[in-house]
Amino acid sequence: MAKVTVHRKAHFNAAHRLYRKDWSEDKNEAVFGKCNNPHFHGHNYELIVSVTGEINPETGYVIDMKVLKDLIKTEVEDQFDHKNLNEQVDVFKNLNPTAENISVVIWNNLRPHLDQSLDLEVTLYETPRNFVTYKA
């Protein structure tokens, strides 16, 4: 049977600071620039979650979009929206909240809730021109 990919868009707003505690302020500034602002800065993140699999012959779905919507809400939006990622999201207490790392964390949050026969891909837009895609 043919495989089809379904996509669900979502968004969240969050603040973060890119820096390493074990580096000097000068090195953090040189590597992360404006993103190293000690008072943090924010983004309006756009998220696309893509699920690929065979169409269920009984339902006609790869995945029920309502199920996917609810999963994104509980596993991403509720955890990240209007939060300071560095200070309020435990996983980022020791993990630099780059777009790359955020996309992997989102994938890891979603993956256990999906049937293993489905493939998962996460695309995260930090700005309209800067985005990352993760699939394991």
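Here are three short exercises on helix α2 and the sheet it lies across, all worked on a predicted model.

**Exercise 1.** Work out what span helix α2 should have, and check it against the model.

*Solution.* Start with the residue count: α2 covers residues 65-80, which makes 16 residues. At 1.5 Å a residue, the expected span is 22 Å, because the rise is multiplied by one less than the number of residues. Now look at the end C-alpha atoms: they sit 21 Å apart, which agrees. While you're there, note a kink of about 40° centred on K73.

**Exercise 2.** Find out which residues of α2 are buried, and what covers them.

*Solution.* First, pick out the buried ones: L68, L71, I72, E75, V76 and F80. Next, recall that an α-helix has 3.6 residues a turn, so residues three or four places apart point the same way. Then see what lies over the buried residues: the cover includes β1 (3-16), β2 (41-54) and α4 (99-110). For contrast, try K66, also in α2: its relative accessible area is 48%, so K66 counts as partly exposed, the class between 20% and 50%. The backbone nitrogen of K66 lies 2.9 Å from a side-chain oxygen of D64, which caps the N-terminal end of α2.

**Exercise 3.** Lay out the strand order of the sheet and place the helices on it.

*Solution.* Reading across, the order is β3-β1-β2-β4-β5, an open sheet with mixed pairing. The edges are β3 and β5 (131-134), each pairing on one side only. Inside, β2 and β4 (residues 119-125) run antiparallel over 7 bridges, and V49 stands opposite V122 in β4. α4 packs on the sheet, touching β1, β2, β4 and β5. Finally, α2 lies across β1, β2 and β3, at about 20° to β1.

Conventions:
Residues numbered from 1 in each chain as written. Predicted model: local features only at pLDDT ≥ 70, side-chain atom pairs only at ≥ 80, totals over all residues. Heavy atoms only, no water. Helix = DSSP H or I, 4+ residues; strand = E, 2+ residues; numbered from the N terminus. Bend = angle between axes of the 7 residues up to and from the residue. Buried < 20%, exposed > 50% of the residue type's maximum accessible area, 1.4 Å probe, protein only. Contact = heavy atoms within 4.5 Å. Polar contact = N/O pair within 3.5 Å; in protein donor to acceptor, adjacent residues only side chain to side chain. Pairing = 2+ DSSP bridges. Axes fitted to C-alpha atoms, helices over the stretch in contact; angles between N-to-C directions.
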